[in-house]
Amino acid sequence: MSSLLRGALVQLRVVHALALRETRTRFGAHRLGYLWALLEPLLWIGTFWGFFAIAHRQAPDGMDVVPFLATGIIPYSMAMQTAEKGSQAINGNKALLFYPHVHTLDLILARGALEVATLTVVLLVITGGWALFTEGFVLDDALRVATGLGLAGLFGMALGLVLCAAGVMTNSVDRIRGPLFRPLFWISGLFFTANAIPTRVREIMLYNPILHCVEMVRDGWFPTYHARYADPGYVVLWIVGLAFVGLTLERKVRSKVQLT
Amino acid sequence: MIARATPGWAERLQRLWAPGDGPSSAAPPIDAPGSIELRGVTKVYRTHAGDHVVLDRIDARFDQTESVGILGRNGAGKSTLLRILGGAEQPDAGRVLRHGRVSWPIGFSGGFNGSLSGEENCRFVARIYAADIDYVVEYARAFAEIGEYFRMPVRTYSSGMRARLAFGLSMAIDFDVYLVDEVTAVGDSSFQEKCVRAFAERRERSSVIIVSHQLGTIRKYCDKCAILRRGRLELFDDIDEAAKSYEAMS
């Protein structure tokens, strides 16, 4: 067996064990642990559904309002929540780096995989539950949906890795994360589509890779919506760029992580 | 033309990405399991008061089925050396060559997640080392003798209970090299007896490296001794000789 393959097997084993462990620590602490993962996005959807109702607004292009909001919030969370969990991977798990073959990257991969899996289930539960009360479940192109969700998750992991490594060098990362990323909630297409905004605004908005992911998911989900501006290649470029920066930083700070 | 004194960014990037001690260095045996070699290992901690050289160009070889004790005062860098031997920390310069499976530094508590139970922690460690989960859990439970606490969160444990579990867990997994950090304080005398017996049994096929600031511990467990002082490691074949040198220090 080549050493590369053996290394990959060790890493796979470690990530698997970490993901199982994260499941316990993330959801096992409260009696309603798993339920909270579902309730939080549900509350977001409920709130904005209320806004839409008050403002007499409809979801655009014949989309149903609850799936419309769900397909916005879930990909967004898949990117941002994964990035947040990833950025705290070292601080929350210092004890784990005690074991020589557990690396920062494994912690981020395990946390990311758990977020992506959880949010995918949440999306299916919400839209499935909604379908019970309406005309039925519609999913136009599952592969396109999966691509959008997967890219959002990978983007979150790559961003989390950069933040995590930068966090070892300076404490200010935690402080700038809020002001830097919270605005993304309003400009990532959670409540609108790229097709529906003015061209000049759109040109700027399309620099945001999360908007592309949301557009891809909606395009795949709704037979009536066609995302003209979604570009998977653009998101992949972001992921590759961030991963390169993140991995380089991680190598640089590796010897600086204080275990004790 | 002016020669550039500092390396350019491309060069530094290249150096950063050069292959080093990656995750595969902790992988299963290649040849002569149970030996570790240090070549010019240096570790420097940067503090506000300036650079502090903890390990200074250490060359050493720990052979198969040897049990070596490393003596040193508090703060001499014993735990750092152990973490570098295990691979949890990287040296600033030099290389560590490991043959065989090396344990994590076995000591008081490190590596347990407080919100998980002792059993869950054992399952996790068994998984990452690809050991038989049921066997590891059962062995650790029987060895630690902490009763009902085994199923309770580790944060409710006393430090003695943590150490018992940590010790039992590390004994449950077959390592070629055991790295041990200050075993003396673990448990009462009957538990210590058990540790001595467990080690004696392991010593037939594995090597043990123990760091301590107490000569008594080293005498009990080891047949060779080294002294770590001022960043240098000095090896003695005879423990009495080391004892003389160590006592002369104070």
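Here is a walk through a predicted model of two chains, A and B, starting where they meet and ending in the spaces around and inside them.

Let's begin at the interface. The size of an interface is often given as the accessible area lost when the parts come together. Here chain A and chain B bury about 3100 Å² between them, and 66% of that area sits on carbon and sulfur atoms. Three residues stand out on the B side: Trp17(B), Phe124(B) and Ile128(B) supply 20% of the area that chain B buries against chain A, more than any other three residues. Counting by contact, chain B brings 37 residues and chain A brings 31 residues.

What about charges and polar groups across that boundary? The count between the two chains is one salt bridge. You can find a salt bridge where the side chain of Glu120(B) meets that of Arg24(A), at 2.6 Å from N to O. As for polar contacts, the rule finds two residue pairs across the interface, both at pLDDT 80 or more.

Now look at which parts of chain B do the touching. On the side facing chain A, at least two residues each come from α1 (9-17), β1 (35-47), α2 (78-86) and α3 (118-128) of chain B. Of these, α3(B) gives the largest share, six residues. Sorted by class, this side of chain B has 20 nonpolar, 10 polar and seven charged residues.

Let's move on to chain A and its salt bridges. Over all chains, a search of the whole structure turns up 21 salt bridges. One pair worth finding on screen is Glu115(A) with Arg26(A), whose side chains meet at 2.7 Å, N to O. This pair ties together distant parts of the chain: Glu115(A) belongs to helix α5 of chain A and Arg26(A) to helix α1 of chain A, 89 residues apart.

Those helices come up again in the second largest pocket, which holds about 850 Å³ of space. It is lined by 30 residues, and the ones nearest its centre are Glu40(A), Tyr76(A), Met80(A), Gln81(A) and Glu84(A). The elements giving two or more residues to the lining are α1 (3-27), α2 (33-54), α3 (65-87), α5 (104-133), α7 (172-181) and α8 (184-187) of chain A. Which helix gives the most to this lining? That would be α3(A), with eight residues. By class, the pocket lining has 15 nonpolar, seven polar and eight charged residues.

Finally, the enclosed spaces. Searching the whole structure gives three cavities of 30 Å³ or more, and the largest cavity contains about 180 Å³ of space. Of the 14 residues lining that largest cavity, Leu97(A), Val102(A), His103(A), Arg254(A) and Ala88(B) are the closest to its centre, so residues from both chains take part in the lining. The class breakdown for this lining is six nonpolar, five polar and three charged residues.

Definitions and conventions
Residues numbered from 1 in each chain as written. Chains lettered and ligands numbered in written order. Predicted model: local features only at pLDDT ≥ 70, side-chain atom pairs only at ≥ 80, totals over all residues. Heavy atoms only, no water. 1 Å grid on protein atoms, 1.4 Å probe; cavity = no way out; pocket = protein on both sides within 12 Å on 5 of 7 lines; lining within 4 Å. Points joined across faces, edges and corners; volume = space filled by probe spheres on them. Nonpolar A, V, L, I, M, F, W, Y, C, P; charged D, E, K, R; others polar. Contact = heavy atoms within 4.5 Å. Buried area = accessible area lost by both parts, 1.4 Å probe. Salt bridge = Lys/Arg side-chain N within 4 Å of Asp/Glu carboxyl O. Polar contact = N/O pair within 3.5 Å; in protein donor to acceptor, adjacent residues only side chain to side chain. Helix = DSSP H or I, 4+ residues; strand = E, 2+ residues; numbered from the N terminus.
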